[in-house]
Amino acid sequence: MPSSSETTCCVVGGGPAGVMLGYLLARKGVPVTVLEKHADFFRDFRGDTVHPSTLQLMYELGILEDFLRVPHQEIRTVSGVYGDFAFQAADFRFLPTHCKFVALMPQWDFLDFLSGKAKQYPSFDLRMEHEAVDLLHDSGSIAGVKVKTAEQELEVRADLVIGCDGRHSIMRQAGGLQVQEFGVPIDVLWFRIRRHADDPDQLLGNINFGKALILINRGDYFQAGLIVRKGSFDEIKTRGLESFRDSLRQIAPYLGDRPNEITDWEQVKLLTVQLNRLRQWHRPGLLCIGDAAHAMSPAGGVGINLAIQDAVATANLLADPLRQKRVTNSSLAAVQGRRELPTILTQEMQANAHKLFAKIFENPGPAHAPWQLTVVTEIPGVQRVMGRVIGLGVRPEHVAEAEPQPRPTGGRTRMIKIAAGIGLAAAVVALSVAALRQCSRRKVAWSWR
């Protein structure tokens, strides 16, 4: 008979959504157990962009000053190079937030910091090396989680289980929640390249020769991502490491001989990009949020921030019902109702970005920026709009100290403004796709296809 423990809320998954949710619930006096299957948070090639919306939450929680002491880089604008055309895509310096920048911080540092703050509350219980493998059922409702550790199997019984266990969620699978999949034409190859102090900060990266290279500043090295056609990694490996290194030198000549640091395919990690969401995020006793409810593309780097927004909304809506042991299916539906529209709109914007990448792949030669891109980037204020769309997203959440109140009438106006901004951002991408289609009258097979 497995040993058993009880809690009010069992959060499965120690990623950004899970740790933030555990912190917020414990802060409100809710007994919460967070289960993380790994021994630590150190897993490379995960999202590192902490957006202004998340930094604002740190400010509201009173921990921003401590957070900014953790080593990080600050990005106030997002720029890139399309062929020989350098452009600025987004500007965060005018956002109505305390921090007007994106913080680049390894996710393990972010999670170590957040879990350290959460451990100050006695009702927070973080259990490392505890892998949730199945759900417990009782009279048609979810009653907890079956857990496996290195030494034993055990049960964690809970009034509510919240799945924050990522895009391959065991909880949503065990709960029988239906996933809608949306086709994605890209994958991403992640690797490291040494960084020089005088290297350009081009977070959006370099687009040329049918490829797109993203370079995230990690201080003394770049976390680099090469965007490739979906399913093409095996073909790339067949062509050999030297061909791969040559392609990096071709698209970003200033890297010089640094691609030679990649000496084994083990240094290159494949991120299989997915875009999906659950039709229903919940059933009695179970709720999924973050990537478990909606896997996001890395486009825009918004996944971690959307997951954290989910966690804040969940804590705001469910803390009191959990304390009072009156969580109902309507309570869980309210979370989906709050967060589903931001998810849909963000995924639509990412799908449009994917179309742009798919068109880039069609021209393996030197790229020339379409005239529409050069015109759009000169429109006054367009970078500020993009900064708001990327930096704040749709319906940014705020920490509620009391029972959530009805939104003021101004909230609808803000939503309309944000939706209009996303519409403009989508239009910019659509214009770029149309321009690329015109520039690619002759369809030339991509050299890695």
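In this predicted model, helices α1 and α8 cross in the right-handed sense. The axes of these two helices approach to within 8 Å, at a crossing angle of roughly 30°. Since angles under 35 degrees count as roughly parallel, α1 and α8 are therefore roughly parallel to each other. On the α1 side, the contact is formed by Pro16, Ala17, Met20, Leu21, Leu24 and Leu25. These residues meet Ile304, Ala307, Ile308, Ala311, Val312, Thr314, Ala315, Ala319 and Leu322 of α8. Classified by residue type, the contact of α1 with α8 comprises 14 nonpolar residues, one polar residue and no charged residue.

Helix α8, which spans residues 303-323, also packs against helix α2, residues 52-61. The axes of α2 and α8 come within 9 Å and cross at roughly 40°, which makes α2 oblique to α8. The crossing of this pair is left-handed. Ser53, Thr54 and Leu57 are the residues of α2 that meet α8, where Asn305, Ile308, Gln309 and Val312 take part. Three nonpolar and four polar residues make up the contact of α2 with α8, and no charged residue belongs to it. Ile308 and Val312 of α8 meet residues of α2, and Ile308 and Val312 also appear in the contact with α1.

A further partner of α8 is helix α9, residues 329-360. The axes of α8 and α9 lie 9 Å apart, and the packing angle is about 155°. Because this angle falls in the range over 145 degrees, α8 is roughly antiparallel to α9. The crossing of α8 and α9 is right-handed. From α8, the contact draws on Leu306, Gln309, Asp310, Ala313, Thr314, Leu317 and Leu318. From α9, the residues involved are Ser331, Leu332, Ala334, Val335, Arg338, Arg339, Thr343 and Thr346. By class, the contact of α8 with α9 contains seven nonpolar, five polar and three charged residues. Gln309 of α8 meets residues of α9 and is also listed in the contact with α2, while Thr314 of α8 meets residues of α9 and appears in the contact with α1.

Strand pairing was examined next. Strand β1, residues 3-12, pairs with strand β11, residues 153-163, in the parallel sense over nine bridges. Within this pairing, Thr7 has Ala158 of β11 as its bridge partner. Strand β1 also pairs with strand β2, residues 32-36, again in the parallel sense, over four bridges. Val12 stands opposite Leu35 of β2. Between β1 and β2 the chain passes through helix α1, residues 16-27, in a right-handed β-α-β crossover. The helix of this crossover, α1, is thus also the helix that packs roughly parallel to α8.

An open sheet of seven strands has the order β6-β5-β14-β15-β16-β13-β17, and its pairing is mixed. Its edges are formed by β6, residues 85-91, and β17, residues 269-271, each of which pairs on one side only. On average, neighbouring strands of this sheet are turned by 25° against each other, direction ignored. Within the sheet, strand β5, residues 77-82, and strand β14, residues 205-208, pair in the parallel sense over three bridges. In that pairing, Gly80 is bridged to Gly205 of β14.

A second open sheet consists of three strands in the order β3-β7-β4, with antiparallel pairing. The strands β3, residues 49-50, and β4, residues 73-75, occupy the edges; each has a single partner strand, so one side of each is left without a neighbour in the sheet. Strands β3 and β7, the latter covering residues 102-104, pair in the antiparallel sense over two bridges. Val50 stands opposite Ala103 of β7.

Beyond the helices and sheets, Pro366 is located in the loop between α9 and α10, the latter covering residues 371-376. The C-alpha atoms of Pro366 and Gly83 are separated by 6.5 Å, although the two residues are 283 residues apart along the chain. When neighbours within four places in sequence are set aside, Pro366 is in contact with Asn208 and Phe209.

Methods: Residues are numbered from 1 along each chain as its sequence is written. This is a predicted model: local features need pLDDT of at least 70, side-chain atom pairs count only at pLDDT 80 or more; totals for chains, interfaces and linings use all residues. Side-chain values use heavy atoms; hydrogens and water are left out. Axes are lines fitted to C-alpha atoms, for helices over the stretch in contact, and angles run from 0 to 180 degrees between N-to-C directions. Angles under 35 degrees count as roughly parallel, over 145 as roughly antiparallel, 65 to 115 as roughly perpendicular and the rest as oblique. A crossing is left-handed if the near helix is turned anticlockwise from the far one by less than a right angle, and right-handed if clockwise. Contact means heavy atoms within 4.5 Å. Ala, Val, Leu, Ile, Met, Phe, Trp, Tyr, Cys and Pro count as nonpolar, Asp, Glu, Lys and Arg as charged, and the others, Gly among them, as polar. Two strands pair if DSSP finds at least two bridges between them. A crossover is right-handed if, with the strands pointing away from the viewer, the path from the first strand over the helix to the second runs clockwise.
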